[in-house]
Each structure stands twice: as structure tokens, then as C-alpha cells.
Amino acid sequence: MNEHVQDDLEAYALGALDPADAERLAQHLALCASCSNDAASLAEIVGTLPDTVPLREPRPALRDRLLGAATAEARQATPRRSLRWSFGAVRLSRIAFAGLAAAVIVLGAADVDAYRRMVTVAAERDAYNRTLESLREGARLWYMAGKDSFAGSGGTLYEPRADGKQPFVLFHDLPPINEGQVLTIWLVSPDSAWARAATFRPNGQDIQVVQINTEVAGFDRCAVTLDDSPSGKHGTIVMESRIAPPSTAP
Amino acid sequence: MPEQHPPDDALLASLAARDLSALATLYDRYGRLAYSLAYRILGESEAAEDVVQDAFLSAWRGAGSYRRERGNPRAWLLSIVHHRAVDILRRKTTFRPAPLEMAESQPSDEDTALAAEKNVEHRTVRDALEALPQAQRRTIELAYFGGYTHVELSELMGVPLGTVKGRMRIGLQKMRRALERTR
């Protein structure tokens, strides 16, 4: 892919690639220091082009509008600490479920299908609890719609506002993937730099929660790729979000 | 360019710490240039203002992800403005690649153009761009300000895709050398 990428770096810097090619190239830049350096150098040159534009004054109201929107957003982002207890409730429900499952197995009261159904229900309940928790705390939600072979599936990235709470993605209806393949969650910055956030395989259940072990603040889109390995070359984009909404959930 | 206080890097660090006054300073520093760029691309004042607001809010939210190796703060901010403006241009349902002459003659204003001429840094960049052979300059301007992809440019200009890429590459190399000579 390197030759192809180097061939397109100037067009990328000028914003002259179509969105799909630009995203593929941005993913490569996230993994390749050499191309990333070349791209940064070109970005500096392209960054001077606005200096060739005749200067115009925006209306003074634009400044107020911008600062008003940022102030409102900052207010909404303040976490509500009084609801910290409910994450504990999620953990407790898991412990209670584990005990119940053990009892069912010991008593021989359920077959494998019943056990699977119970696992699914528990996973859905935990996912629901997590979602409810995040909504109460004013989480930011980013929905990614599946496409092509992933059409009909989707994932919502929840970014809890409260301190110390990990972001996670709640996926639904993930199709099975081939042996050896993995799914990668990417975070995309406003200037289209891609960062790997998590790698996982579908667990076969209707709903699946994947924890994000990196800082989400500062990124404004996310995507999922289907890859042949957990590192190295990226694969096809199977899910992607539009620009994340600035407001918090109600 | 003379160093400004606080420096851009410090402003972005304050932005990441949710300091609203840093956002105000950043806007006062680059809002006019950002608006001029968006207006040059879109040709509409309302749409250009929306892009500027969206881009600064995006920087406000995304300052934590900024990395120096991806360009200086000014280039980073203007790249967000550019991405947003071109995105809107391409999403317009009525958008069709305009004839080359139209895309090249986006609205300008003699007075403000003269004001830009007075800024030494801006004049240097304009000179570097204008010194390019016409085919290279047109290719770079139509790609950056006109929102054309390299494939569209190949069709519009009636040249192979490789020629478009070559013009971009050589044009940007020449601009780099010209700007380095003046610094």
C-alpha cells in the first residue's frame, strides 16, 4: 500500500481525495510514521494557502454565537455526581447473575439453550444498565451505522461525563466474521487522524459491550474496520459515525 | 511571523482544559482568516459563518487530540475549516463541478485584497503561488478552494490522473522551496 499512499499524499493534503480514499489513507497514516511525517510536512505548506485569500470580516455576532455555544456545551458537560451509586448496581447485578448461573448448573435445572438464553438476557440487562447510567450522567452518544455486509448492525459509543468512567461501545446485531479476523474500533480527530481504540471479535450475542481503554475526548467521529489481524494493515470500514453531536443526551 | 502571546500551542492547551477565554483569543486571532477561507470556498456568508462556528467548536472539543507532529495549531485549525467547507460544498445536492473559469474567479474584494497585500507573510505566500506555472497553480487552487477531487480534475482538465498528481506534487515542492528561501 505504501507506493499508493505516497502517490496520494499531496492530494490528501489538499483535501482532493474522495472521502473513502481519504479515510483509508488517514488510517494508514495512523500506523506509518514515515508517511505521517511526509503528510505533516505537506500539511504545513498547504496550511499557508489560506494566506492567499482576500480577507473578509465576519459579522461581529458570530463571535458571540460561538462563545455562547461553547459556554452551553461546557455547562452540559458538568457531571452529576449524585448518581455514582448505579455503576455499583451493575457490578452487583453481575455478581448476582453469576451466582444464579452457578446454581442453575449445579441443580441441573436447565439445558445448554436455557443457559445461553440466560447469558443473553444478562448481557442485555447489563448493557441496558450501563446505557441508563451513562444517559443519567449526561454521556455523549455517537451512533455508527453498519454498512455493506454489516448493514442492519450498529454500535453506539458512550462517552460518560463522570470522572473515572470508561467509555464503551454498545454493539447490536453484529454478524459473524471469519476465523482469524477481528474488528477494530477507531477514533477520528477533527483533522481526520485515526487512533486505534479497541480490537475485538463478535461474541455471537445480539448485544455486545466493548470497553474503550483510551481517552475519547478530542475525537469527533468513530468507525469500525474488519481486519485480518489486530495490528498492521487496516481492512474495510464496516461501520462509521457522522460527526458526533455537540449536545449531551437528555 | 512575529510570535504572539500567548503562543498558539499554549492556547490549545488552555482549550483542552476547557478555558473559554482561550477560545475567544483563538477566535480573535484566526476567526477572520478562517471566515475568509470558508467564504472563498463556499461563496456564501451565512454558510461560511456556520463553518467557522462548527470548526472552532470542533477545535474546542478536539484540542485534547491535537498533536504537534500533525502541523502547527494554525494549520490544524484551518484544516478543520477547510474540511468542513469542502464537505458542505460536496454535499450540496445541486453541486456539480463548475466550469473551471467560475471556480477560479470566486468572489473577491479589491479593498480586502489590498489589505492582504499589505501583510508581508500573506504576500510571500501569494507570490509563491503566483510564481508557479499556470497548470500547477490551477490544479492546486481548484483542488484546495474548488473542492475538486484529483479524479474530477483529471476529467475536467482533460489530462491523465498521473499528470494531476504530478502537478500537485511539483507545485507544492516549488512552493515549499520558495517559502523556505524567504524565511
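I began with strand β3(A) and its pairing to strand β6 (residues 207-211) of chain A, and found that the two run antiparallel and are joined over 5 bridges. The structure is a predicted model, and I read every entry here with that in mind. Within this pairing I looked up A:Phe168, whose bridge partner in β6(A) is A:Gln211.

I then turned to strand β2 (residues 154-159) of chain A, which is also antiparallel to β3(A) and joined to it by 5 bridges; here A:Gly155 stands opposite A:Phe171 of β3(A). I checked burial next, and noted that 4 of the 5 residues of β3 (residues 168-172) of chain A are buried, so this strand is largely enclosed by the rest of the structure.

Next I looked at the nonpolar cores, of which the largest has 98 residues, with A:Cys222, B:Ala34, B:Ala38, B:Val52 and B:Val81 having the most contacts inside it. Helix α2 (residues 20-42) of chain B gives the most to this core, namely 13 residues. I followed A:Cys222 further and, leaving out residues up to four places away in sequence, found that it touches, among others, A:Trp142, A:Leu157, A:Trp186 and A:Ser241.

Last I examined where the chains meet, and recorded that 47 residues of chain A are in contact with 63 residues of chain B. On the side of chain A that touches chain B, α1 (2-13), α3 (33-46) and α4 (61-76) of chain A each supply at least two residues, and α4(A) gives the most, with 9 residues. Sorted by class, that side of chain A has 26 nonpolar, 8 polar and 13 charged residues.

How values were computed:
Residues numbered from 1 in each chain as written. Chains lettered and ligands numbered in written order. Predicted model: local features only at pLDDT ≥ 70, side-chain atom pairs only at ≥ 80, totals over all residues. Contact = placed C-beta atoms within 7 Å. Nonpolar A, V, L, I, M, F, W, Y, C, P; charged D, E, K, R; others polar. Core = buried A, V, L, I, M, F, W, Y, C linked by C-beta atoms within 7 Å. Buried ≥ 20, exposed ≤ 12 C-beta atoms within 10 Å, placed from the backbone. Pairing = 2+ DSSP bridges.
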